Amino acid sequence: MRGKTFYRCTVCNDIHYGNIAPKICPTCSSKDAYVHIAEREAGVTLKFLKIEEGKNFNENEVLKTFEDFTKSKDFTLNTDKERIELIVQGVLEHEEQYGLKYCPCRMTSGNFDEDLSLICPCNFKIQNNWKEIGECWCSLFIKRKE
Ligand code: SF4
Ligand SMILES: [Zn+2]
């Protein structure tokens with residue numbers, strides 16, 4: 001139990017502050033779409049805080065949020081640990097450089113609102129990669145085998 005903290009809907013970027021993430025997003029109605037995020041990420045996403053250099057979470061915290069996000073889902077983390085480490089470092093480098101944990105294998109446009117769809121974890125189930133091969137674009141999340 002984390003206590004009161006921030007959560008972000010990975011589909012519409014709704015931000016929630018509370019003891020647990022909502023089951024259903026009140027903004028986009030997606031189910032089980034929230035991931036735990038740092039307070040600064042919440043503030044920057046909502047434009048309450050200006051973008052500043054620096055990491056909000058360390059590598060282990062990012063990995064833990066990814067792992068927690070896969071619990072009771074139809075996807076899991078890639079089993080290739082080196083790949084996961086590279087992705088975790090990539091999102092943290094983007095956060096350090098641009099202020100948010102943007103996808104490590106896609107380019108940001110420089111338009112803040114457009115780039116909100118690139119914060120990791122993103123809404124990857126709309127991607128062709130997920131529909132065709134059951135993986136997010138960077139193969140961070142993989143469809144769980146039946
Ligand atoms: S495609 Fe995968 S790695 Fe990239 S932002 Fe989405 S969930 Fe993260
Ligand atoms: Zn939502």
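Select the residues of the shell around ligand 1 and colour them by type: 10 are nonpolar, 1 is polar and 1 is charged, where Ala, Val, Leu, Ile, Met, Phe, Trp, Tyr, Cys and Pro count as nonpolar, Asp, Glu, Lys and Arg as charged, and the others, Gly among them, as polar. The residues to pick for this shell are Cys103, Arg106, Cys120, Pro121, Cys122, Phe124, Gln127, Cys136, Trp137, Cys138, Leu140 and Phe141, each of them with a heavy atom within 4 Å of the ligand. The space that ligand 1 takes up is the largest cavity; a cavity is a set of points, on a 1 Å grid over the protein atoms alone, where a 1.4 Å probe fits but cannot get out, and a molecule sits in one if more than half of its atoms lie within 2 Å of its grid points.

Before going on, keep in mind that this is a predicted model, in which local features need pLDDT of at least 70 and side-chain atom pairs count only at pLDDT 80 or more, while totals for chains, interfaces and linings use all residues. Residues are numbered from 1 along each chain as its sequence is written, chains are lettered from A and ligands numbered from 1 in the order in which they are written, and side-chain values use heavy atoms, with hydrogens and water left out.

Stay at the ligand shell and select Cys120, which is found in the loop between α4 and α5; helices (H or I, at least four residues) and strands (E, at least two) are DSSP runs, numbered from the N terminus. Cys120 counts as buried because its relative accessibility is 8%, the classes being buried under 20% relative accessible area, exposed over 50% and partly exposed in between, with a 1.4 Å probe and protein chains only. If neighbours within four places in sequence are left aside, Cys120 is in contact with Arg8, Phe66, Val91, Lys101 and Leu140, contact meaning heavy atoms within 4.5 Å. Measure from Cys120 to Val91, and the C-alpha atoms should be 7.2 Å apart, although the two positions lie 29 residues apart in sequence numbering. That is to say, Cys120 and Val91 are 29 residues apart in sequence.

Next, step along to Pro121, in the loop between α4 (112-115) and α5 (128-133), where the peptide bond from Cys120 to Pro121 is cis, with omega near -5 degrees. Most residues other than glycine have a negative phi, and most peptide bonds are trans.

Now select Leu140, which, leaving aside neighbours within four places in sequence, is in contact with Phe66, Thr76, Leu77, Asn78, Ile84, Ile87 and Cys120. From there, widen the view to the largest nonpolar core, whose 26 residues include Val62, Phe66, Phe124, Leu140 and Phe141, the members that touch the most others; such a core is a set of buried Ala, Val, Leu, Ile, Met, Phe, Trp, Tyr and Cys residues joined through side-chain atoms within 4.5 Å. Two or more residues of this core come from each of β3 (34-37), α2 (59-70), β4 (75-77) and α3 (81-98), and α3 gives the largest share, 5 residues. Apart from it lies another core, of 6 residues, including Val44, Leu100, Tyr102 and Leu116.

For a look at strand β3, select Val35, which has its place there and counts as buried because its relative accessibility is 3%. Outside the residues up to four places away in sequence, Val35 touches Phe6, Tyr7, Arg8, Thr10, Thr65, Phe69 and Pro121.

Move then to Phe112 in helix α4, a partly exposed residue with a relative accessible area of 21%. Its contacts, with neighbours within four places in sequence left aside, are Val44, Thr45, Lys47, Ile51, Leu100 and Tyr102.

End with two serines, beginning with Ser29 in the loop between β2 (15-18) and β3, where phi is near 70 degrees, a positive value in a residue other than glycine. Ser72, in the loop between α2 and β4, also has a positive phi, of about 60 degrees, and is exposed, with a relative accessible area of 77%.

Key
1 Å grid on protein atoms, 1.4 Å probe; cavity = no way out; pocket = protein on both sides within 12 Å on 5 of 7 lines; lining within 4 Å.
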